[in-house]
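User: I have a chain to go through before I set anything up. Can you talk me through it?

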Amino acid sequence: LIAHAEDAEGNVLFVPPDQMEWSIAEGIDVIDLSTNGIVSAKKLGTATVVVTDIDSGASASVAIEVIATYDDLLTVAMHLDLTEVTNNPSPHRWNISSLSEEIDQMMADSASAGVDKILFRVDCEGEVMYQSPTHTVYEGAPETEFAVQQDALGQCVEKAHEYGMELWAWIEIFENGYSAGGHWDRYFADRPYLWLLRKGWDEPLTWREREFWFGMPCYAYPEARQRRVTEFAELASMYDIDGFYICTRKHGVPQDSGNFNYGYNPVIVEEYKRRWGVDPSEVVDATEPTSLAAQRFSQLKAEYITQLIREAHEVVDGLPFVVQVGYMTCSVDTDYAYVDYRTIFAEGLSDRAWCLRVSRNNALNVCGRTIPTSGWYRIYEWSDIVRDNGQRDYSDHGINPEMRARHAAAIRNALADAVRQGHDEVTFHEQYWFEVEDLYPILRAALDEPVL
């Protein structure tokens, strides 16, 4: 028998193998026996299967219920942060003395659990997590330093590919320093004018006077863009990575409005004056974010962010980009930093929208209506790790049955929510918790469950 299952829109549907006896006729692109059926279900519900007898050519239509598992519908991505898996005082952190074995085990566990992509954090608050010849390489926790020195990124790329997964660089374009974390790119620290300057700033630019948004680059300067573009170029040339996930969040948001009180660098002020004939510091008011003057200011700064992504595209030899659509960056009147997603997606600068705490519908409203989307899901709550004093505490982490059950529920809820919203990819934050709580078997079981 040759079975051909489509919905009214022509989407190929998954037919449960136990409901049909398959055979293949040469030249007919229908069902592949080696994979037990086509498993690219895009629609669920009742479908019509056309069954054709090879000898007589007689056909009959059979109505069946189309089912799929979460694994059929979703690509699974996982955030991997070296600072978490090497440095936290957990009994389940990596044993640095056997780093290669730890990496091999993590990649094997991830693949067996159904993970398709590893998103490796390649920079930490302005310091890179790979052996860069030009950028400030991570310094701090000895275990993390050692992992970087031993080229953990290169080892993870090799092992991810060996186990059939992709590895993408998770790169933070707004993170060139975080004073509270004690990390920063020394190039920018030596040139603080390359960070966004505060309204009313004055010389000399000193770290203590808060004249700038610490670590937030001003991409209006070609020099600042080039600094970041070289990171893209190095990663693309030094490592066999599969693409870039571009993060648009940042540690250390100003207490006042970062969007409207910062960005008064001379290059931006002069361009604003050229276009609209007035100094933005005289007309932009953070208490009136919806005013025309404020929105012009927000949009102007966003143009330079878009230009950064254009220039990065030119140096990565065709590798794909995925840009994070963050809840703090979608609106032109945000207090954070506006990103012009509509232009980015209209120009094909991102292959999908990576939705950070925004619904798929909201993301499509700012990106365009035909963009594939990834849902971002954190499987833990801050109450799991932050104590009453506001400090992180990992000391009692292990396989705690109550916490593990809560995280298991979070995994299942994430998969169900992603399908319900229409995402075709789910991103879990972060891999550390899968190590600590041994959540890999739970993810595998959840992916194998039928979508209800």
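Analyst: Here are some notes on the chain as a whole, then on one helix and one side-chain contact. This is a predicted model, where local features need pLDDT of at least 70, side-chain atom pairs count only at pLDDT 80 or more, and totals for chains, interfaces and linings use all residues. Residues are numbered from 1 along each chain as its sequence is written, and side-chain values use heavy atoms, with hydrogens and water left out.

User: How many helices and strands are there in the chain?

Analyst: The chain has 16 helices and 17 strands, taken as DSSP runs (helices H or I, at least four residues; strands E, at least two) and numbered from the N terminus.

User: And what percentage of the residues is buried?

Analyst: Of the 452 residues, 52% are buried, meaning under 20% relative accessible area with a 1.4 Å probe, protein chains only.

User: Switching to α3: which residues are buried there?

Analyst: L99, I103, M106, M107, S110 and A113. They sit on the same side of α3, because they cover an arc of only 130 degrees around the axis, counted from the directions from the helix axis to the C-beta atoms.

User: What follows α3?

Analyst: G114, with a positive phi near 105 degrees.

User: Now E435. Buried or exposed?

Analyst: E435 is buried, at a relative accessible area of 17%. The residue lies in helix α15, residues 431–436.

User: Which side chain does E435 contact?

Analyst: Its side chain makes a polar contact of 2.5 Å with that of Y440. A polar contact is a pair of N or O atoms within 3.5 Å; within protein, one must be able to donate a hydrogen and the other to accept it, and residues adjacent in sequence count only if both atoms are side-chain atoms.

Notes
Buried < 20%, exposed > 50% of the residue type's maximum accessible area, 1.4 Å probe, protein only.
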